[in-house]
Amino acid sequence: MKRDPQPPEERPEPPSPAPSPPLLPSSLPAQAEGAELKLTPPVWIFGYGSLVWRPGFEFTSRKVGFIRGYSRRFWQGDTFHRGSEAMPGRVVTLMEDCGACTWGVAYEVRGEQIAASLQYLNMREAVLGGYDTKLVKFHPQEKDAEEPFLALVYIATPQNPSYLGPASEEDIAAQIIVSSGCAGHNIEYLLRLAEFMRYFCPQAEDKHLFSIEEALISILPRLYYKDESLEETASVPQESKA
């Protein structure tokens, strides 16, 4: 014989938990010095590659500046944005380097911008790029600016499957010349980054970046015939096959 259903026991509703700081997307490794990354608004995001000229998300303000203890290197492979599976491109990552500094742009995001920017960057940098996240201390360029502050940065470590590692400037330039992806040619990536450094950070040195640019410029003329050479070739009588 079935029993009549019993009414649920009335219990007082638990108090609503206090809102917690926004966390990074769960698919991203979120470790900084062994602790989970917790971001308290406003959030600052540091870009040192294509983010310096194409952030791709809404932000409240931006500052040019640098972080210490890292060097920028074209050691990360790219099979989507600036390359393909058949012809991977070369993009930058950061390598720990005591005494060095890397210049770039920090973007301030607030309110709804925070979740939207992190979701966008999760796909662009982590899922498609192979980058992890870390908090670093950002130093603004302005002389009268406030004290350094923490910023979120995306770093491709040697453990990710797209990591290519060191190579000569000439080999890196040669790979960049023949690579392109959904975001454009790999050459554009290199030249825009060099242009940013010259325009916004003229006092800064980036030997690695400018050496690759120099190598690329020296290689490009070899890929094309000069008009004069073609005219000379056309004017030479062809040998008889007889």
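So, to start: in what sense do S3 and S5 pair, and over how many bridges? They pair in the antiparallel sense, over five bridges. Pairing here takes at least two bridges found by DSSP between two strands. The strands (E, at least two residues) and helices (H or I, at least four) are DSSP runs, numbered from the N terminus.

Quick word on what we're looking at. This is a predicted model, so local features need pLDDT of at least 70, side-chain atom pairs count only at pLDDT 80 or more, and totals for chains, interfaces and linings use all residues. Residues are numbered from 1 along each chain as its sequence is written, and side-chain values use heavy atoms, with hydrogens and water left out.

Okay, the overview. The protein chain has five helices and nine strands, and from the N terminus the order goes β-β-β-β-β-α-β-β-α-β-β-α-α-α. There are 242 residues, and 42% of them are buried. By buried I mean under 20% relative accessible area; exposed is over 50%, and partly exposed is in between, with a 1.4 Å probe and protein chains only. As for contacts, meaning heavy atoms within 4.5 Å, take those with a separation of 6 or more: 74% of them join residues 24 or more positions apart.

Back to S3. Five of its five residues are buried. In a regular strand, side chains alternate between the two faces of the sheet. In S3 both faces are covered, with Val 43, Ile 45 and Gly 47 on one side and Trp 44 and Phe 46 on the other. Ile 45 is a nice one to click on: Tyr 107 in S5 stands opposite, and so does Leu 152 in S7. S3 and S7 pair as well, in the parallel sense over two bridges, and Phe 46 has Val 153 as its bridge partner in S7.

Just ahead of S3 there's something to flag. Most peptide bonds are trans. The one joining Pro 41 and Pro 42 is cis, with omega at about -5°, and Pro 42 sits in the loop between strand S2 (35-36) and S3.

Now carry on across the sheet. Why call S7 largely enclosed by the rest of the structure? Because six of its seven residues are buried. S7 also pairs with S6, antiparallel, over seven bridges. Thr 133 stands opposite Tyr 154 there, and Lys 134 opposite Val 153. S6, residues 132-140, in turn pairs with S4 in the antiparallel sense over three bridges, where Ile 67 stands opposite Phe 138.

Next up, the inside. How many cavities of 30 Å³ or more does the count come to? One. A cavity is a set of points on a 1 Å grid over the protein atoms alone where a 1.4 Å probe fits but cannot get out, and lining residues have an atom within 4 Å of a point. Points are joined across faces, edges and corners, and the volume is the space filled by probe spheres set on them. It comes to about 250 Å³. Of the 20 lining residues, the closest to the centre are Ser 50, Val 92, Glu 125, Tyr 131 and Tyr 189. S3, S4, S5, S7 and helix H1 (112-127) each supply at least two residues of the lining.

Tyr 189 brings us to H3, residues 186-200. That helix has 15 residues and reaches 21 Å from first C-alpha to last, close to the 21 Å expected at 1.5 Å a residue, where the expected span is 1.5 Å times one less than the number of residues. Tyr 189 is buried, and among the others buried in H3 are Leu 190, Leu 193 and Phe 196. Their cover includes S4, S5, H2 and H4.

Two last residues. His 208 is in H4, and counts as buried because its relative accessibility is 10%. Beyond its neighbours within four places in sequence, His 208 contacts Arg 72, Arg 73, Phe 74, Trp 75, Glu 169 and Ile 172. Phe 80, in the loop between S4 and S5, is partly exposed, at 34%. With the same neighbours left aside, Phe 80 touches Leu 128, Gly 181 and Cys 182. Phe 80 and Gly 129 are 49 residues apart in sequence, yet 7.7 Å apart in space, C-alpha to C-alpha.

That's my tour, thanks.

How values were computed
On a 1 Å grid over the protein atoms alone, a cavity is a set of points where a 1.4 Å probe fits but cannot get out, and a pocket is an open set with protein on both sides within 12 Å along at least five of seven lines; lining residues have an atom within 4 Å of a point.
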